[in-house]
Amino acid sequence: FYEGKVRYEDFILEEDLSYFKRVHHEAYLNMTNFSLEYRIVDSDENVKWVHETGTMIFNKKKEVIHTDGIIIDITKHKIVERELNRINSILSEKNEELEYIVHIRSLELQSVLTKLARSEEKKSVNEIISGLSHELKTPISVCLTALSYLNERNVEIERLFESDALKKSDYVDFKDIIAETVKIIMNNLKHTIALIKSFNHITSDLSNDQSEVINLKSHVDGIMMGLKPMLRQHAHIINNNISPDLNLTTYPGALSQVLINLINNSFLHGFENVRSGIISISAANIEDDYVIITYTDNGSGIAPENIDKVFDMYYTTKKGKGGSGLGLHIVKKLIENTMMGSIKLHSSPGQGVKITITLKDLKNLS
């Protein structure tokens, strides 16, 4: 770094000088070897990191005759070390973010489960909860696996660094792995949040006992999104054929419960022997005060002798097999008592069902 005779004060960075003197003084008092890292300013005014090891040679009077040692330029190592520390900090932050998100989502899910458990009317969404839990496992597991792999690679990079075997190509590859892994984690976290939001959409509607203006197509889309985990377990399809311009003032919680119960009823009863069931939902205005919602499926249909019983409390053909006998009874009560509407059902064996729901638009209700 320098030619000729110089003093330590001439080239050691001022911030490190006191540390340098202290280490050397302790070595002198204890008559031991010394080892330390500090920064210097070379003849071109560049700041560099060096590692110095040495020993002091004493005479019989315990006076220092001279010092033997070696000073090595470790600037490149320090740059890599600083970058590794930065990467470790990022990994730690991402891990904390993931743990926080998983914790918050778990609390939200538990809160939702608690609300649903309070009412017998909401038993029909238990399958949605099970499907959501299963659906959440995949993106969360991917995130944890990605973080675990990243940690393993980080340990390997640190091992190479400490053994002076780290190559530039190792470092470049590691940076690429970090970028790809963070991308994977972010995509899966977004998927997790979307699932939670769709589920919250349904549950917030279920707990809403106030009338409000809703866009009917968007409302049904939200219900379908929340039911996506359940739908993926089957080959059945739900078609939302409602016009995007159709708005309705009604009770969104009651309407959500009605549609969820109808869909569950189709899955449990209508599609029992149907491989690819199709549900279609459409709607239209009647005059200015009413909206008709038409719900159809291509399921097995209902026998004539059972048509008049399907809305009775506790009537079910699936006693002990998942049917409570409350689903359609609740549908009828919600439509007639809460939403000021009516419901009609048409069906025959092998021809599916057609359900016509007439709802009063409450926008003019004082």
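Start by selecting Met31, which is partly exposed, with a relative accessible area of 42%. Before going further, keep in mind that this is a predicted model. Met31 sits in the loop between helix 2 and strand 1. Check its backbone: phi is near 55 degrees, a positive value in a residue that isn't glycine.

While you're looking at backbones, jump along the chain to Met340 for another case. Here phi is positive too, about 55 degrees, and again the residue is not a glycine. Met340 belongs to the loop between helix 9 (327-338) and strand 9. With 40% relative accessibility, Met340 counts as partly exposed.

Now zoom out and show the whole chain as a cartoon. You should find nine helices and ten strands. Colour by burial if you like: of the 366 residues in the protein chain, 40% are buried. Take the contacts in the chain with a separation of 6 or more, and 65% of them come from residues 24 or more positions apart.

**Stop one: the three-stranded sheet**

Go back towards Met31 and select strands 1, 2 and 3. They make an open sheet in the order 1-2-3, and the pairing is antiparallel. Strand 1 (34-41) and strand 3 (64-73) are the edges; each has a single partner strand, so one side of each has no neighbour in the sheet. Look along the sheet and you'll see the twist, which averages 35 degrees from one strand to the next.

Next, pick out strand 2 (residues 47-58) together with strand 3. Nine bridges hold this antiparallel pair. Two of them are handy to label: Thr55 has Asp68 in strand 3 as its bridge partner, and Ile57 has His66 in strand 3. Follow the chain round from strand 2 to strand 3 and you trace a hairpin with five residues between the strands. Click on Lys62 in that turn, where phi is positive at about 60 degrees.

Now add helix 2 (residues 14-30). This helix lies across strand 1, strand 2 and strand 3, and runs at about 155 degrees to strand 1.

**Stop two: along helix 3**

Select Lys78, which lies in helix 3. Is Lys78 buried or exposed? Its relative accessible area is 16%, and under 20% counts as buried, so this lysine is buried. Show its surroundings: setting aside neighbours within four places in sequence, Lys78 is in contact with Glu37 and Trp49.

Slide along to Val102, also found in helix 3 (residues 75-117). Val102 is partly exposed, at a relative accessible area of 25%. Draw a C-alpha to C-alpha distance from Val102 to Ile193: the two are 91 residues apart in sequence but 9.9 Å apart in space.

**Stop three: the five-stranded sheet**

Select strands 5, 7, 8, 9 and 10. What order do these five strands take in the sheet? They run 5-7-8-10-9 in an open sheet, and the pairing is mixed. At the edges you'll find strand 5 (237-240) and strand 9 (342-347), each paired on one side only. The twist here averages 15 degrees from one strand to the next.

Zoom in on strand 7 (residues 278-286) and strand 8 (residues 290-297). They run antiparallel and are joined by eight bridges. For one of these to label, pick Ile279, whose bridge partner in strand 8 is Asp297.

Bring in the helices that pack on this sheet. Helix 6 touches strand 5, strand 7 and strand 8, and its direction makes about 165 degrees with that of strand 5. Helix 8 packs on the sheet as well, touching strand 5, strand 7, strand 8 and strand 10 (353-360). The direction of helix 8 makes about 20 degrees with that of strand 8.

**Last stop: helix 6 against helix 8**

Keep just helix 6 (residues 216-226) and helix 8 (residues 252-270) on screen. Their axes come within 11 Å and cross at roughly 55 degrees, which means helix 6 is oblique to helix 8. The crossing is right-handed.

To finish, show the side chains where they meet. From helix 6, select Leu216, His219, Val220 and Ile223; from helix 8, select Pro252, Leu255, Ser256, Leu259 and Ile260. What kinds of residue make up this contact of helix 6 with helix 8? Seven are nonpolar, two are polar and none is charged.

Note on methods: Residues are numbered from 1 along each chain as its sequence is written. This is a predicted model: local features need pLDDT of at least 70, side-chain atom pairs count only at pLDDT 80 or more; totals for chains, interfaces and linings use all residues. Side-chain values use heavy atoms; hydrogens and water are left out. Axes are lines fitted to C-alpha atoms, for helices over the stretch in contact, and angles run from 0 to 180 degrees between N-to-C directions. Helices (H or I, at least four residues) and strands (E, at least two) are DSSP runs, numbered from the N terminus. Angles under 35 degrees count as roughly parallel, over 145 as roughly antiparallel, 65 to 115 as roughly perpendicular and the rest as oblique. A crossing is left-handed if the near helix is turned anticlockwise from the far one by less than a right angle, and right-handed if clockwise. Contact means heavy atoms within 4.5 Å. Ala, Val, Leu, Ile, Met, Phe, Trp, Tyr, Cys and Pro count as nonpolar, Asp, Glu, Lys and Arg as charged, and the others, Gly among them, as polar. Two strands pair if DSSP finds at least two bridges between them. Buried means under 20% relative accessible area, exposed over 50%, partly exposed in between (1.4 Å probe, protein chains only).
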